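Here are my comments on the model, set out as numbered points. Please read them with the coordinates open beside the text.

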Amino acid sequence: MMLYVIGFLAQIFFSARILLQWILSERAKRVVSPAMFWALSLAGSYLLFIYGWMRDDFAIILGQVIAYYIYIWNLSAKGVWRKIPAPVRYLLLLTPVVAIGFAVSHADTFIHDFFRNEKVPLWLLLFGSAGQILFTLRFVYQYLYSRRRGESILPVGFWIISLTGSAAIVAYGIVRHDPVLILGQSVGFIAYTRNILIYKKERTAQRKTELEEWDNQDTEI
């Protein structure tokens, strides 16, 4: 019971971040990257990492480890990370490191539990891991994109990768009979699509404005 409580709580955080970002983007009429999006992401990732560990699901753990520190970078870029109490920051920073250190020091047990799990055949593990990697690459893309511009941004490519990766994870969750993955990922489909549409509208409006400025300049000449 506690296992699913942790899993669903993690997905509640993830769903809340998407809904919050979606609402704020609709109000601003452009795609925004609020600090709370990253705070909720970090909280959800922390819990889902624990859920994946308790469920002996390497695919889930892999997905969270890749994106975890990118969430922290975005919080730092937003000026929020330093405002979190130091003990909480250290706990958040060290938990994945300690878990990985434990896995390395108990490699035989880790391999047996995660890679020789009878409930997760190798082909399914590879498929689920590929889906998690694809889904998590959106944050790697977002991080590189934002670093180049010196601020936290959620570009259109982030939402396109989100749609593709989410579909793969839902398929994995269906085969795995995992309601946490199925429900958690399904919630984001509409928000991902809507952000793409908002981005396109924003780009169309910008182009229209640029054309009008060019026309005005031609008229003045």
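**Notes on the predicted model**

1. I begin with the aromatic residues: the count of aromatic pairs comes to eleven, in what should be kept in mind is a predicted model. One of these pairs joins Phe37 and Trp38, whose ring centres are 4.8 Å apart and whose planes stand at 80°, so the pair is edge-to-face, the angle being over 60 degrees. Both partners are shielded from solvent by the accessibility criterion, since Phe37 is buried and Trp38 is buried as well.

2. A second pair deserves its own comment, because the rings of Tyr71 and Phe139, with centres 4.8 Å apart and planes at 90°, are likewise classed as edge-to-face. Tyr71 belongs to helix 3 (residues 58–77) and Phe139 to helix 6, so this pair ties together parts of the chain that are 68 residues apart in sequence. Tyr71 has a relative accessible area of 3% and is therefore buried, and Phe139, with a relative accessible area of 1%, is buried too.

3. Which residues make up the aromatic cluster? Phe37, Trp38, Tyr71, Phe139, Phe158, Trp159 and Tyr192 form one cluster, and the two pairs described above, Phe37 with Trp38 and Tyr71 with Phe139, have their members in that list.

4. Turning to the fold as a whole, the chain has eight helices and zero strands, which, read along the sequence, gives the pattern α-α-α-α-α-α-α-α. Of its 221 residues, 42% count as buried. Among contacts between residues at least 6 apart in sequence, 75% join residues that are at least 24 apart.

5. How do helix 1 and helix 2 pack, and at what angle? Their axes are 8 Å apart and the packing angle is about 160°; because angles over 145 degrees are counted that way, helix 1 and helix 2 are roughly antiparallel to each other. Helix 1 passes helix 2 in a left-handed crossing, and the contact between helix 1 and helix 2 comprises 19 nonpolar, six polar and one charged residues.

6. The loop between helix 1 (2–28) and helix 2 (35–54) contains Lys29, a residue I would point out for its backbone, as Lys29 has a positive phi of about 60° although it is not a glycine. With a relative accessible area of 70%, Lys29 is exposed.

7. Helix 6 (residues 122–149) and helix 7 (residues 156–176) form another packed pair, their axes coming within 8 Å and crossing at roughly 160°. That angle makes helix 6 roughly antiparallel to helix 7. The residues of the contact between helix 6 and helix 7 divide into 14 nonpolar, nine polar and two charged, and helix 6 passes helix 7 in a left-handed crossing.

8. Is Gln142, a residue placed in helix 6, buried or exposed? Its relative accessibility is 0%, and Gln142 therefore counts as buried. Once neighbours within four places in sequence are set aside, Gln142 is in contact with Trp38, Ile70, Asn74, Ser152, Ile153, Leu154, Pro155 and Phe158. Two of these partners, Trp38 and Phe158, are also named in the aromatic cluster, so that a reader following the cluster through the model will meet Gln142 in contact with Trp38 and Phe158.

Definitions and conventions: Residues numbered from 1 in each chain as written. Predicted model: local features only at pLDDT ≥ 70, side-chain atom pairs only at ≥ 80, totals over all residues. Heavy atoms only, no water. Axes fitted to C-alpha atoms, helices over the stretch in contact; angles between N-to-C directions. Helix = DSSP H or I, 4+ residues; strand = E, 2+ residues; numbered from the N terminus. Parallel < 35°, antiparallel > 145°, perpendicular 65-115°, else oblique. Left-handed = near helix turned anticlockwise from the far one by under 90°. Nonpolar A, V, L, I, M, F, W, Y, C, P; charged D, E, K, R; others polar. Buried < 20%, exposed > 50% of the residue type's maximum accessible area, 1.4 Å probe, protein only. Contact = heavy atoms within 4.5 Å. Phe/Tyr/Trp six-rings, centres within 6.5 Å; stacked < 30°, edge-to-face > 60°.
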